[in-house]
Number of protein chains: 2
Amino acid sequence: MSQSLALVGIGKIARKQHIPSIAAIDGLSLVATASRNRAATVDGAEAFPDLTTLLAARDDVTAISLATPPGARFGDALAALRAGKHVMLEKPPGSTLSEVETLVSEAKAQGVTLFASWHSREAAGVKMARDWLKPRRLTTFRITWTEDVRDWHPGQDWVWSAGNLGVFDAGTNALSVMTAILPAPVHLASATLAFPENRDTPITADLVFDSPAEITAHFDWSQPGDAHWAIEIETTDGAARLTRGGARFETDDGVKVDAEDAEYKRLYANFLALIDVGRLDVDLSPMRHVADAFLLGRRVQVAPFHW
Amino acid sequence: MSQSLALVGIGKIARKQHIPSIAAIDGLSLVATASRNRAATVDGAEAFPDLTTLLAARDDVTAISLATPPGARFGDALAALRAGKHVMLEKPPGSTLSEVETLVSEAKAQGVTLFASWHSREAAGVKMARDWLKPRRLTTFRITWTEDVRDWHPGQDWVWSAGNLGVFDAGTNALSVMTAILPAPVHLASATLAFPENRDTPITADLVFDSPAEITAHFDWSQPGDAHWAIEIETTDGAARLTRGGARFETDDGVKVDAEDAEYKRLYANFLALIDVGRLDVDLSPMRHVADAFLLGRRVQVAPFHW
């Protein structure tokens, strides 16, 4: 069935990913937008200052996608679900685990779809890596996810305010890939989080998972130069590497895939498919690992961070 | 059906609460114990150095209760479930949320009972407070949970090591009561956690929940004198107070109950009832609020803590 979509939050990620991806999907039309920024409009879609006004004016809208920051998302998501709309959430799906549980209950009560999206899971090599690993015995799973926050969030002080995760904003992507690939769930054994002395969120994090295999993650937001988003996998029957955030997968036999980014197109196709079959998809495991890291992690203080 | 129980972790809480409560329950016999401390034995129960040895020697055991600290509990819980035993966990049920999810999956796969206990929920006034609040409109729900860590954990440095929650060790009790009383789930809006500069866990915490009512919690581990475990409830139709950790409940009409502690007796009765009907009871909501508080809380550093 065709869906009339409204997009809330017309910022960088909306322009770069959501809007072109929506346009590329059959059965999905962007009919309305909501943004606090009045200049943030999209050709062909009616612009509203907020979701409440949008919902009141456009009852033809059947689905809502929220691309606002996680701290601002709960109220809109709840209002959309209560209005009987299908809802898709950017990652991470909220600023607390508890609020997402409330959204799940509401979606079930309304009989609508709630989709907590994890875009990195749609990178071309992820399912391939999962299938490659499945029949093998894992010995090492080493995540290295480093980038320069000055490139990715230039001058955005909000990333350093409590509740906005710091380096885990990038790290959730790695954890969403990890949880999609590993054949069985794992949990953290220990973690170290480094907080710049003038900031409220960590700039680096090191995680060690409880497993007979060595499963670790190193997140660093202070690496100049190109982002390095990689997972090295070793097994008793060969090794493999997932790089470029999951877009490239290679084994001892060579490169298996190295694709252009189509993550958000796949997300919107998934959202449509979930609506069609009347299902929810809310996997909190990546965010739960982040919460667990804050819960049991040791905090160390490091040099102040300045842009 | 009668259960042959083994108790793992023979420390202060086992002697004070678990062992006398088990003895008071019909249909439950303590047949074995496991403790790293060889001197920690219980009359009438066979003593083992660890759960693995116990499971190998006593296949008559049908249920296992774990009173060890949360950090040491996962391996034992998993081994007990895999051996087909019913399992009861002290609070909090683990040191990560993710590990408890794994235990739930394992219990379902084995078809056995897993009971994540929250002893404060069994205090005499809790259900009364819930029923009193149900038909009323809440305006204020103010939790004040203060005690002196020097009284409750004298010299126990482990409470200050990362992963052991600090003041939330007591605060989870309050949150387990809150989640049992409020008519609908809530989630945190903000939190402030104060860490002594020489310690890895917080000594005080202030929580504000997102709600049209004022829902707050103040936890403090540095209050000399008697513990003060209270919840003040105000509604548009009268006020009430739950004190003594939930054992005493009073409204504008006077004291409704002020009972002796029978929390652990009720826990073991619940455990037996769950086994009889073949069900699990794992409500993670109190622990999820703690994880959320660490996730979005602002950290402040306060004076060093010395015993």
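**Exercise 1. At what angle do the axes of α9(A) and α4(B) cross, and within what distance do they come?** Describe the helix pair and the residues that form its contact.

*Solution.* The model is a predicted one, and the values below are computed from it. Step one is the geometry: the axes of α9(A) and α4(B) come within 8 Å and cross at roughly 130°. Step two is the classification: angles from 65 to 115 degrees count as roughly perpendicular and those over 145 as roughly antiparallel, and α9(A) and α4(B) are therefore oblique to each other. Step three is the list of residues: α9(A) contributes A:Arg288, A:His289 and A:Asp292, which meet B:Leu97, B:Ser98 and B:Glu101 of α4(B). Sorted by class, this contact of α9(A) with α4(B) has 3 charged, 2 polar and 1 nonpolar residues.

**Exercise 2. Characterise the interface of chain A and chain B by its extent, its polar pairs and the elements that build the side of chain A.**

*Solution.* Begin with the extent: 31 residues of chain A are in contact with 31 residues of chain B, and the area buried between the two chains is about 2,500 Å², of which 61% comes from carbon and sulfur atoms. In chain A, the residues that lose the most area to chain B are A:His187, A:Leu295 and A:Arg299, which together account for 25% of what that side buries.

Continue with the polar pairs. Between chain A and chain B there are 2 salt bridges; B:Arg288 forms a salt bridge with A:Glu101, in which the closest N and O atoms are 3.4 Å apart, and this value satisfies the 4 Å cut-off for a salt bridge. Across the interface of chain A and chain B, 8 residue pairs are in polar contact, counting pairs with both residues at pLDDT 80 or more.

Finish with the elements of chain A. At least two residues of the side that touches chain B are supplied by each of α4 (97–110), β8 (187–196), α9 (285–296) and β15 (298–302), and the largest share, 9 residues, comes from α9(A). By class, the side of chain A that touches chain B divides into 14 nonpolar, 9 polar and 8 charged residues.

**Exercise 3. How are α3 and α4 oriented towards each other in chain A, and how in chain B?**

*Solution.* In chain A, the axes of α3 (residues 73–82) and α4(A) come within 9 Å and cross at roughly 10°. Angles under 35 degrees count as roughly parallel, and α3(A) and α4(A) are therefore roughly parallel to each other. From α3(A), A:Phe74, A:Ala77, A:Leu78, A:Leu81 and A:Arg82 meet residues of α4(A), including A:Thr102, A:Leu103 and A:Ala107. The residues of this contact of α3(A) with α4(A) comprise 6 nonpolar, 2 polar and 3 charged.

In chain B, the axes of α3 (residues 73–82) and α4 (residues 97–110) come within 9 Å and cross at roughly 10°, and α3(B) and α4(B) are therefore roughly parallel to each other. Here B:Phe74, B:Ala77, B:Leu78, B:Leu81 and B:Arg82 of α3(B) meet residues of α4(B), among them B:Glu99, B:Glu106 and B:Gln110. The contact of α3(B) with α4(B) divides into 6 nonpolar, 2 polar and 3 charged residues.

**Exercise 4. Which parts of chain A does the salt bridge of A:Asp237 and A:Arg136 tie together?**

*Solution.* A search of the whole structure finds 35 salt bridges over all chains. In one of them the side chains of A:Asp237 and A:Arg136 meet, at 3.8 Å from N to O. A:Asp237 lies in the loop between β11 (228–235) and β12 (238–243), and A:Arg136 in the loop between α5 (126–133) and β7 (138–146), so the pair ties together parts of chain A that are 101 residues apart in sequence.

**Exercise 5. Locate the cis peptide bonds ending at A:Pro92 and B:Pro92, and the positive phi of A:Arg244.**

*Solution.* The peptide bond from A:Lys91 to A:Pro92 is cis, with omega near -15°, and A:Pro92 lies in the loop between β5 (86–89) and α4 of chain A. In chain B, a cis peptide bond joins B:Lys91 and B:Pro92, with omega about -15°, and B:Pro92 is found in the loop between β5 (86–89) and α4 of that chain. A:Arg244, a residue other than glycine, has a positive phi near 50°; A:Arg244 lies in the loop between β12 and β13 (248–251) of chain A.

Definitions and conventions:
Residues numbered from 1 in each chain as written. Chains lettered and ligands numbered in written order. Predicted model: local features only at pLDDT ≥ 70, side-chain atom pairs only at ≥ 80, totals over all residues. Heavy atoms only, no water. Contact = heavy atoms within 4.5 Å. Buried area = accessible area lost by both parts, 1.4 Å probe. Polar contact = N/O pair within 3.5 Å; in protein donor to acceptor, adjacent residues only side chain to side chain. Helix = DSSP H or I, 4+ residues; strand = E, 2+ residues; numbered from the N terminus. Nonpolar A, V, L, I, M, F, W, Y, C, P; charged D, E, K, R; others polar. Axes fitted to C-alpha atoms, helices over the stretch in contact; angles between N-to-C directions.
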